[in-house]
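The questions below ask how certain labels come to be attached to a structure. Each answer sets a value against a definition.

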Amino acid sequence: MALGDKISNAAEDLAGKAKESAGKAKGDEQLEAEGQTDQTAAKAKKVGEDVKDVFR
């Protein structure tokens with residue numbers, strides 16, 4: 001996995017956590033769900049990159 005991809009995935013995960021926390025604090029269920037979705041997407045990308053690394 002390229003360093004840029006790792007940084008990008010980590011940033012997306014952190015942004016998702018921030019959205020989720022903000023949603024919980026505000027009582028905004030939609031924002032909270034968006035944050036969880038962002039975190040899931042970042043984790044899926046990481047898994048995909050890890051699989052690519054195995055076959056290199």
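**Labels and their grounds**

Q: What do the buried residues of α1 pack against?
A: The buried residues of α1 pack against α2. Contact means heavy atoms within 4.5 Å. The model is a predicted one, in which local features need pLDDT of at least 70 and side-chain atom pairs count only at pLDDT 80 or more, while totals for chains, interfaces and linings use all residues. Residues are numbered from 1 along each chain as its sequence is written, and side-chain values use heavy atoms, with hydrogens and water left out.

Q: How many helices and strands does the protein chain have?
A: The count is two helices and zero strands. Helices (H or I, at least four residues) and strands (E, at least two) are DSSP runs, numbered from the N terminus. Helix α1 covers residues 3-26, and helix α2 covers residues 29-54. After α1 comes Gly-27, with a positive phi near 75°.

Q: Why is the protein chain called more spread out than a compact globule?
A: Its radius of gyration is 13 Å, well over the 10 Å that the globule rule gives for 56 residues, so the chain is more spread out than a compact globule. The radius is taken over C-alpha atoms, and the globule rule is 2.2 Å times the number of residues to the power 0.38. Along the principal axes, the C-alpha atoms fill a box of roughly 45 × 15 × 10 Å.

Q: What span should α2 have, and what is the distance between its end C-alpha atoms?
A: The expected span of a helix is 1.5 Å times one less than its number of residues. For the 26 residues of α2 this gives 38 Å, and the end C-alpha atoms are 38 Å apart, so the two values agree. Helix α1, with 24 residues, reaches 34 Å from its first C-alpha to its last, close to the expected 34 Å.

Q: Why is Gly-35 called buried?
A: Buried means under 20% relative accessible area, exposed over 50%, and partly exposed in between (1.4 Å probe, protein chains only). Gly-35 has a relative accessible area of 0%, so the label is buried. This residue lies in helix α2. Leaving aside neighbours within four places in sequence, Gly-35 is in contact with Gly-16, Lys-19 and Glu-20. Of these, Gly-16 and Glu-20 are among the buried residues of α1.

Q: Which other residues of α2 are buried besides Gly-35?
A: The others are Leu-31, Asp-38, Gln-39, Ala-42 and Glu-49. The buried residues of α2 pack against α1. Over the protein chain, buried residues make up 23% of the 56 residues.

Q: What makes Glu-12 and Lys-45 a salt bridge?
A: A salt bridge is a side-chain nitrogen of Lys or Arg within 4 Å of a carboxyl oxygen of Asp or Glu. The closest N and O atoms of Glu-12 and Lys-45 are 3.0 Å apart, and the pair forms a salt bridge. It links distant parts of the chain, with Glu-12 in helix α1 and Lys-45 in helix α2, 33 residues apart. Lys-45 is partly exposed, because its relative accessible area is 43%.

Q: How far along the helix are Asp-13 and Lys-17 separated, and why?
A: They are separated by about one helical turn, because they are four residues apart in helix α1. Their side chains meet in a salt bridge at 3.5 Å, N to O. Asp-13 has 16% relative accessibility and so counts as buried, whereas Lys-17, at 40%, is partly exposed.

Q: What is the N to O distance for Lys-46 and Asp-50?
A: The distance is 2.9 Å, and the side chains meet in a salt bridge. Lys-46 and Asp-50 are four residues apart in helix α2, and therefore separated by about one helical turn. The structure holds seven salt bridges. Lys-19, Glu-34 and Asp-38 are linked in a network of salt bridges.

Q: Why does Val-51 count as partly exposed?
A: Val-51 counts as partly exposed because its relative accessibility is 42%.
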